[in-house]
Amino acid sequence: MHAMVLEKLRAPLVWTGLDDPIPGAGEIRVRVSACGVCRTDLHVVDGELSGPLLPIIPGHEIVGRIDKLGPGVRGLNLGERVGIPWLGHTCGVCDYCTGARENLCDHPLFTGFTRNGGYATAAVADSNYAFPLGEKGSDVSMAPLLCAGLIGWRALKIAGQGRNIGLYGFGAAAHIVAQVARWQQKSVFAFTRAGDESTQAFARSLGAVWAGPSEQKPPQRWPTTSFGSTGAA
Ligand SMILES: [Zn+2]
Ligand SMILES: [Zn+2]
């Protein structure tokens, strides 16, 4: 396979030929067809997150098709299209894992950070952390849903039935949430950094009924039930 490898922090990725990875017990191998670029990937490359495995293949918005199953994989099939996100593995035994909050696991592995990610022609993933994607939607359009979309959707669900949705910061997650919220016939209020008029215009172009600086109050009474944070992974 080929991969873009981060050999040392704050250095360009290096196009590298590698042996095809072999999936271990409970793992799958996918032929990668698309992989998004998340802000967190840039933080990794820039050395702004402590503890990356080096060398590492970044990328955690992976779409691909399974071409090899490791021993003991259940529920996924050869040829199936799957998505692989940032959370790549959890321990299964810590208080968070056993309390259904595995996203806070004490001993996690993160795709493209502490296990190899998707800037490659092939990637191996824990089958418990690979989502069947079905066949609707292009690979490229699905890829950002694996991080930005996933985070945004979680925040939108927590916002409940509120009809007015305020989005603080209008980056990757919010620009997806805004479109989903509009589809749900909710009203989107987008808060950006003061003076960031291009992002405000972008928010309006995606259907926000109002966009302005976060210091400013929106032109309606602020609802109490429709608050969503889109802090990124
Ligand atoms: Zn755990
Ligand atoms: Zn991400």
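## Zinc site

In sequence, the donor residues of the zinc ion (ligand 2) follow the spacing C-x21-H-x86-C. The model is predicted. Three protein atoms act as donors: SG of Cys-38, NE2 of His-60 and SG of Cys-147. They lie 2.0 to 2.3 Å from the zinc ion. Water is not among the atoms, so the site may look incomplete.

What do His-60 and Cys-147 tie together? His-60 lies in the loop between α1 (39–45) and β4 (62–69). Cys-147 lies in the loop between α3 (139–142) and α4 (148–158). The pair therefore ties together parts that are 87 residues apart in sequence. Both His-60 and Cys-147 are buried.

## Overall fold

The protein has 6 helices and 13 strands. Its radius of gyration is 19 Å, and the globule rule gives 17 Å for 233 residues. The two values are close, so the protein is as compact as a globular protein of that length. The C-alpha trace spans about 55 × 40 × 35 Å along its principal axes.

Of the 233 residues in the protein, 45% are buried. Take the contacts with a separation of 6 or more: 65% of them are between residues 24 or more positions apart.

## Surface and charge

The protein exposes about 12200 Å². Carbon and sulfur atoms supply 55% of that area. The protein carries 21 positive and 19 negative charges. The mean positions of the two sets are 9 Å apart.

## Val-82 and its surroundings

Val-82 sits in strand β5 (residues 81–84). Is Val-82 buried or exposed? Its relative accessible area is 0%, so Val-82 is buried.

Neighbours within four places in sequence are left aside here. Val-82 is then in contact with Ile-28, Val-30, Ile-62, Val-63, Gly-64, Ile-66, Leu-76, Ala-130, Phe-131, Pro-132 and Leu-133. Ile-176 is 94 residues from Val-82 along the chain, and their C-alpha atoms are separated by 20 Å.

## Ser-127

Ser-127 lies in the loop between β8 (122–126) and β9 (131–132). Ser-127 is buried, because its relative accessible area of 12% is under the 20% limit.

Which residues does Ser-127 touch, not counting those up to four places away in sequence? They are Gly-26, Glu-27, Ile-28, Val-73 and Leu-76. Ile-28 and Leu-76 are also among the contacts of Val-82.

## Backbone exceptions

Most residues other than glycine have a negative phi, and most peptide bonds are trans. Some positions here depart from that pattern.

The peptide bond from Leu-54 to Pro-55 is cis, with omega near -10°. Pro-55 lies in the loop between α1 and β4. His-60, the zinc donor, is in the loop between α1 and β4 too.

Arg-10 has a positive phi, near 60°. Arg-10 belongs to the loop between β1 (2–5) and β2 (14–17). At 60% relative accessibility, Arg-10 is exposed. Gln-185 also has a positive phi, near 65°. Its place is the loop between α5 (172–183) and β11 (187–192). Gln-185 is exposed, with a relative accessible area of 66%.

How values were computed: Residues numbered from 1 in each chain as written. Chains lettered and ligands numbered in written order. Predicted model: local features only at pLDDT ≥ 70, side-chain atom pairs only at ≥ 80, totals over all residues. Heavy atoms only, no water. Donors = N, O, S within 2.8 Å, 3.2 Å for Na, K, Ca; no water. Helix = DSSP H or I, 4+ residues; strand = E, 2+ residues; numbered from the N terminus. Buried < 20%, exposed > 50% of the residue type's maximum accessible area, 1.4 Å probe, protein only. Rg over C-alpha atoms; globule rule 2.2 N^0.38 Å. Contact = heavy atoms within 4.5 Å. Areas by Shrake-Rupley, 256 points an atom, 1.4 Å probe, with all protein chains shown as cover. Lys, Arg positive; Asp, Glu negative; His and termini not counted. Charge placed at Lys NZ, Arg CZ, Asp CG, Glu CD.
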